[in-house]
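Please look over the notes below with the structure open beside you. They take the pockets and the cavity before turning to single residues.

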Amino acid sequence: MSDHDAPVRVHKGHDHVDDEMKRAALATMDSKRYYMGPENDAFEAEMQAALGIKHAATVNSGSSGMFLILQALKIGPGDEVIVPASGFVTLAEAVATVGARARFADIEDTTYNFDPAALEKALTPKTKAIVPHHNYGHPADMDAVMAFAKKHNLYVIEDCCHALGSRWRGTAGGGIGHAGFTSFAGKSISVCGLGGMVLTNDPKINEEVRLLRDHGRPRSGGKRFYEITRIGYNLRLSELHAAIGRVQLRHLETWNEQRRANSEGMTLRLQEAKVPVTCPVTRPEAVHAFLHYSVRVPAEARDGLKAHLDEKGVETSIMYPTELYLLPPYREVWGGKPGEFPVADRVNREILTLPNNPALTESDLDYVAGTITDYFHGR
Ligand SMILES: Cc1ncc(COP(=O)(O)O)c(C=O)c1O
């Protein structure tokens, strides 16, 4: 049997669909409201309450969320946005789509978020915003990011796609900067592969995002009118997705607790086994959402360990195989050069994301840690 054919024994992600979610989805088909209806309204209100953030607006993806925030802040041609040198493609894509330019800043070696010491280097007179990502679920150093933004009069847009339910000094990710966006595509809430939300405490950003996501048409008292007041887009979430998301949101805290417990269990096992793997850290100011449990493995061993885990039925991934600043289409327009961001480069050669989902059992953790131990110590 090739590596590819090995049956998966421990899944990385969490595709939890239960009868309550199925009933909620079916009910929207009978309701004859397919979008911009009561399920979206309730999902937004429940998210606001869960996170303690004033406004949450559903959109059809996390990427749409970032794009709409940039639009709402009128960031466009001639403007620059600071993003991490390593992160998901959305961070560069949304900036390019509005016609602005991304400037990259290196990440720190411990949480894989912005290195505060690297921010000044990315600043130019054209900088309008900074986008900290809360990588793998660990919030960026928001004290440093907010101080930097204040000093230079920048907007802060948080990428909370990995970090729903994370906290920095008690405040939920997405509620610290001017706005944040999250995704429901295989994330802590995984609404059938689609969806996202814009989170903000700023009523103007909220209003603008709501207008733009629905063709630039206002909504009042639950009604929509064919009054087009802005050039907009169709980036709405369906009622079906919102209905499933509402059920999943009720599990969020329990699932996050389970993810944190798994992470603790995995770290204990790996440390006890004395394998050359660096486990994730959680800073004292942070509550880590642990969407991903990502370890560092010496570069010369990383791909071999991954192949061994694949062969033994343990799903893993490399996030991200290419640094954001070196992705070919963006390199072409913005001129990224290999070696410019040494921490991002090193982390990308060493990182490996192991399974972490709320359904993992103690025996799954034993199996994954045991398989890693076998690889290094041979049995
Ligand atoms: C960190 C991060 N940001 C943004 C996104 C984009 O979210 P979406 O796929 O919903 O557009 C993702 C998606 O995987 C992500 O992991």
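**Notes on the predicted model**

1. Strand E3 (101-105) and helix H5 (119-122) each give at least two residues to the lining of the second largest pocket. The larger share is easy to assign: E3 contributes the most, with five residues. Please keep in mind throughout that this is a predicted model.

2. The second largest pocket holds about 280 Å³ of space. Its lining counts 16 residues. Nearest the centre of this pocket lie Arg-103, Phe-104, Lys-121, Glu-340 and Phe-341. By class, the lining has nine nonpolar, two polar and five charged residues. Both domains take part: domain 1 (3-11 + 251-377) and domain 2 (19-247) each supply at least three residues of this lining.

3. How much space lies in the largest pocket? The volume is about 330 Å³. Its lining is made of 24 residues. Phe-88, Thr-90, Cys-161, Ser-183 and Lys-187 are the ones nearest the centre of the largest pocket. Three elements, helix H3 (62-72), helix H4 (90-97) and strand E8 (179-183), each bring at least two residues to the lining.

4. The chemistry of the largest pocket can be read from its classes. Its lining has 14 polar residues, eight nonpolar and two charged. Where does the largest pocket lie with respect to the domains? Domain 1 (3-11 + 251-377) and domain 2 (19-247) both give residues to its lining, so the largest pocket lies between them.

5. Now the enclosed space. One cavity of 30 Å³ or more is counted. The largest cavity has about 60 Å³ of space. From the domain 2 range, as from that of domain 1, residues reach its lining, so this cavity lies between the two domains.

6. Which residues line the largest cavity? One stretch of the list reads Thr-110, Thr-111, Tyr-112, Asn-135, Tyr-136 and His-138. The list continues with Pro-280, Val-281, His-288, Phe-290, His-292 and Ser-294. By class, five of the lining residues are nonpolar and seven are polar, with no charged residue.

7. His-138 deserves a look, as one of the residues lining the largest cavity. His-138 sits in the loop between strand E4 (127-130) and helix H6 (142-152). Is His-138 buried or exposed? Its relative accessibility is 1%, so His-138 counts as buried. Leaving out residues up to four places away in sequence, His-138 touches Thr-111, Asn-113, Val-281, Thr-282, Arg-283, Ala-286 and His-288. Among these contacts, Thr-111, Val-281 and His-288 also appear in the cavity lining.

8. The domain layout is as follows. The assignment gives domain 1 (3-11 + 251-377) and domain 2 (19-247). Taken over C-alpha atoms, the centres of domain 1 and domain 2 are 25 Å apart. Across the boundary, 36 residues of domain 1 are in contact with 43 residues of domain 2.

9. The overall fold comes next. The protein chain has twelve helices and 14 strands. Its C-alpha trace spans about 70 × 55 × 40 Å along the principal axes. For 379 residues, a compact globule would have a radius of gyration near 21 Å; the protein chain has 21 Å, so the two agree. Of the 379 residues, 56% count as buried. Among contacts between residues at least 6 apart in sequence, 70% join residues at least 24 apart.

10. Leu-70 is in helix H3. Its relative accessible area is 0%, under the 20% cut-off, so Leu-70 is buried. Beyond neighbours up to four places away in sequence, Leu-70 touches Ile-75, Val-81, Ala-94, Val-95, Val-98 and Ile-157. How far apart are Leu-70 and Ile-157? They are 87 residues apart in sequence and 8.6 Å apart in space, C-alpha to C-alpha.

11. His-55 lies in strand E1 (residues 55-59). With 17% relative accessibility, His-55 still falls under the 20% cut-off and therefore counts as buried. Its contacts, leaving aside neighbours within four places in sequence, are Gln-48, Val-198, Leu-199, Thr-200, Asn-201, Asp-202, Pro-203 and Asn-206.

Technical notes:
Residues numbered from 1 in each chain as written. Predicted model: local features only at pLDDT ≥ 70, side-chain atom pairs only at ≥ 80, totals over all residues. Heavy atoms only, no water. 1 Å grid on protein atoms, 1.4 Å probe; cavity = no way out; pocket = protein on both sides within 12 Å on 5 of 7 lines; lining within 4 Å. Points joined across faces, edges and corners; volume = space filled by probe spheres on them. Nonpolar A, V, L, I, M, F, W, Y, C, P; charged D, E, K, R; others polar. Domains from an automatic or database assignment. Helix = DSSP H or I, 4+ residues; strand = E, 2+ residues; numbered from the N terminus. Rg over C-alpha atoms; globule rule 2.2 N^0.38 Å. Buried < 20%, exposed > 50% of the residue type's maximum accessible area, 1.4 Å probe, protein only. Contact = heavy atoms within 4.5 Å.
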